[in-house]
Amino acid sequence: MTEPNHGIVLGGGWAGMLAAHVLARHLERVTVVERDVLPDGPRHRKGSPQGRHVHVLWSSGARIVDTLLPGLTGQLVDAGARRVGFHQDLVTLTSHGWQHRFPPRQFALMCTRPFLDWKVRDRVLATGRITVRQRAEILDLTGDARRVTGVRVRDMDRGVPRTLEAGLVVDASGRGSRLGHWLSALGLPPLEEDTVDAGIAYATRVYQAPPGAAAGFPAVNVAADHRLREPGRFGVVYPQEDGTWMVTLSCTRGAGLPTHDDDFLPYARTLRHPLVADLIALAEPLTSVAVSRVGANRRLYPERLDSWPEGLLVVGDALAAFNPIYGHGMSSAARAAAALDTELERSGVGDGTARRAQRAISAAVDDPWIMAASKDVEYVNCRINARDPRLTGGALARQRFSDLIADRSIRSPAVCDVVTDVISLTAPQSELASSRFLSLMRKDRVLPQLTEPPLTPDELALVRLNPRSTVGAGGS
Ligand SMILES: Cc1cc2nc3c(=O)[nH]c(=O)nc-3n(C[C@H](O)[C@H](O)[C@H](O)COP(=O)(O)OP(=O)(O)OC[C@H]3O[C@@H](n4cnc5c(N)ncnc54)[C@H](O)[C@@H]3O)c2cc1C
């Protein structure tokens with residue numbers, strides 16, 4: 001290894017940029033290898049197709065990003081991103097009924113993905129210690145089974161392969177990562193892998209929100225009910241930084257999906273409540289339908305290899321990707337970046353660093369993994385290829401308990417607070433098994449079930465809906 005103080009990050013997406021920022025705090029220089037040209041504004045790019053669909057950044061992820069890049073979330077909000085308080089600023093039909101709009105405990109940032117990525121990238125690259133090699137494709141890793149010493153990349157314009165050497169290489173190349181192939185070429189055995197695939201697909205259109213509604217109308221979320229044992233359909237209307245509504249309709253395997261503009265509104269009418277359809281019927285569509293079918297939960301277990309090579313880490317979707325409906329991917333990558341920072345702070349880059357850091361990073365993805373995977377196994381047609389014992393045993397008891405929590409959380413403020421902490425990845429999932437929480441489940445006051453969306457007269461006036469049109473099926 002000739003460049004111990006050089007770090008290389010494979011992939012310049014969300015996880016790659018956060019990892020590069022962390023490496024730049026501990027190493028002399030950092031290179032990001034990226035296939036795309038990264039736009040210098042809020043524009044879509046080929047390597048980030050998910051950018052055409054709704055994204056929320058949960059408060060836990062936003063707080064980490066703010067620690068790494070102080071003041072960033074304030075800048076995002078000043079530039080138009082909506083800070084949506086859960087559950088004050090959100091109207092949600094959960095599987096168990098309408099959620100009461102309790103005072104906010106956590107929040108999520110809502111804005112377009114190209115805008116968010118651009119703002120983060122701009123701040124990360126402003127430090128001047130990170131070089132981005134754009135239009136460069138990763139070919140393979142160099143080194144051997146004991147130590148990764150760099151990466152071979154191909155300049156996509158000139159077609160010339162070149163080796164870059166480094167003390168630390170971080171794979172952040174997303175769901176399509178070829179890590180398994182690269183490790184096998186170094187003589188390492190296959191990584192253990194779990195997949196839980198409910199067949200999630202997304203269809204999205206952007207609408208011009210009625211005047212005042214992008215800022216003054218709550219975000220809307222209508223979910224499927226997994227207890228019906230039929231393919232699920234979901235719909236959300238989320239405000240964006242530019243005064244638009246992004247509307248995503250999604251489904252589990254077997255529920256079909258609108259792929260043409262003319263099918264979008266009729267599909268929205270098939271959700272458990274007509275609110276999403278009523279809102280978009282009034283709004284002007286600005287884009288055609290964009291479709292994405294990449295929504296399986298998939299996790300690698302690099303920490304279980306008997307011998308993990310020095311100098312290599314894997315983060316972001318390349319390590320663990322989740323059903324996007326839970327909105328955990330970016331916060332999970334932020335947790336991984338924070339774990340890496342802590343490990344490098346503690347022991348610098350030396351023997352054993354990669355193994356210790358990878359263990360910490362893998363621990364950081366465990367809660368979002370089990371939350372998404374254990375929920376998705378409940379959907380009909382879900383394809384499961386997993387050895388995680390938490391997914392294969394005691395399914396009925398687990399489902400009953402999670403249904404009980406879901407039912408209580410929409411009507412009990414203190415229970416809702418704890419559940420929101422867990423869902424936002426602010427508190428550990430284990431909190432839901434604590435004696436404090438079990439006692440809250442018994443003792444907290446339970447409000448009556450809502451029979452229609454909890455919208456105020458002022459909010460209804462903003463979108464010119466009359467209260468009766470919001471009364472529909474599925475309120476209980
Ligand atoms: C439809 C959808 C909706 C989502 N909604 C949410 C949400 O609401 N909230 C949330 O937190 N998360 C959400 N996610 C997940 C989130 O998008 C990802 O977790 C996040 O983008 C992961 O970032 P990443 O950097 O690991 O991967 P990516 O964003 O995929 O970045 C990988 C990068 O590597 C580059 N690359 C790949 N291969 C190569 C190669 N061979 N050579 C060079 N470069 C390469 C790509 O061009 C890309 O820039 C959603 C995902 C989807 C699909």
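Sort the lining of the second largest cavity by class and you get 3 nonpolar, 2 polar and 3 charged residues. Keep in mind that we're looking at a predicted model here. The names behind that tally are Gly12, Gly13, Trp14, Met17, Arg45, Asp117, Val120 and Arg121. Together they wrap about 50 Å³ of space. Which helices each supply at least two residues of this lining? They are α1, spanning 14-26, and α4, spanning 113-125. Helix α4 gives the largest share, with 3 residues.

Now for the bigger picture on enclosed space. Rolling a probe the size of a water molecule over the atoms shows where empty space is left. In this model, that gives 2 cavities of 30 Å³ or more. The largest one has a volume of about 70 Å³. Its lining is made up of Pro39, Gly41, Arg43, His44, Arg45, Ser48, Gly51, Arg113, Pro114, Asp117 and Arg121. If some of those sound familiar, that's fair: Arg45, Asp117 and Arg121 line the largest cavity and also line the second largest one. As for chemistry, the lining of the largest cavity splits into 2 nonpolar, 4 polar and 5 charged residues.

His44 is a handy bridge to the next stop. Besides lining the largest cavity, His44 is among the residues nearest the centre of the second largest pocket, along with Arg52, Val206, Met246 and Thr287. That pocket has a volume of about 220 Å³ and a lining of 14 residues. Strands turn up this time: β14 (201-208) and β17 (244-251) each supply at least two of the lining residues. By class, the pocket lining holds 5 nonpolar, 7 polar and 2 charged residues.

Next, have a look at the surface. Phe401, Leu404 and Leu438 form a nonpolar patch there, and together they have about 230 Å² of accessible area. Leu438 belongs to helix α15, which covers residues 435-443. Why does Leu438 count as partly exposed? Because its relative accessible area is 32%, and the partly exposed class sits between the buried cut-off of 20% and the exposed cut-off of 50%.

Asp171 gives you a contrasting case. This residue is found in strand β12, residues 168-171. Is Asp171 buried or exposed? It counts as buried, because its relative accessibility is 0%, and buried means under 20%. To get your bearings along the chain, go from Asp171 to Asp197: they are 26 residues apart in sequence, and their C-alpha atoms are separated by 23 Å.

Terms used: Residues are numbered from 1 along each chain as its sequence is written. This is a predicted model: local features need pLDDT of at least 70, side-chain atom pairs count only at pLDDT 80 or more; totals for chains, interfaces and linings use all residues. Side-chain values use heavy atoms; hydrogens and water are left out. On a 1 Å grid over the protein atoms alone, a cavity is a set of points where a 1.4 Å probe fits but cannot get out, and a pocket is an open set with protein on both sides within 12 Å along at least five of seven lines; lining residues have an atom within 4 Å of a point. Grid points are joined across faces, edges and corners, and a volume is the space filled by probe spheres set on the points. Ala, Val, Leu, Ile, Met, Phe, Trp, Tyr, Cys and Pro count as nonpolar, Asp, Glu, Lys and Arg as charged, and the others, Gly among them, as polar. Helices (H or I, at least four residues) and strands (E, at least two) are DSSP runs, numbered from the N terminus. Patches are made of residues with over 30% relative accessible area and no salt bridge: like charges are joined within 9 Å, nonpolar side chains (Val, Leu, Ile, Met, Phe, Trp, Tyr) within 5 Å. Accessible areas come from the Shrake-Rupley method with a 1.4 Å probe; for residues, only the protein chains shown count as cover. A salt bridge is a side-chain nitrogen of Lys or Arg within 4 Å of a carboxyl oxygen of Asp or Glu. Buried means under 20% relative accessible area, exposed over 50%, partly exposed in between (1.4 Å probe, protein chains only).
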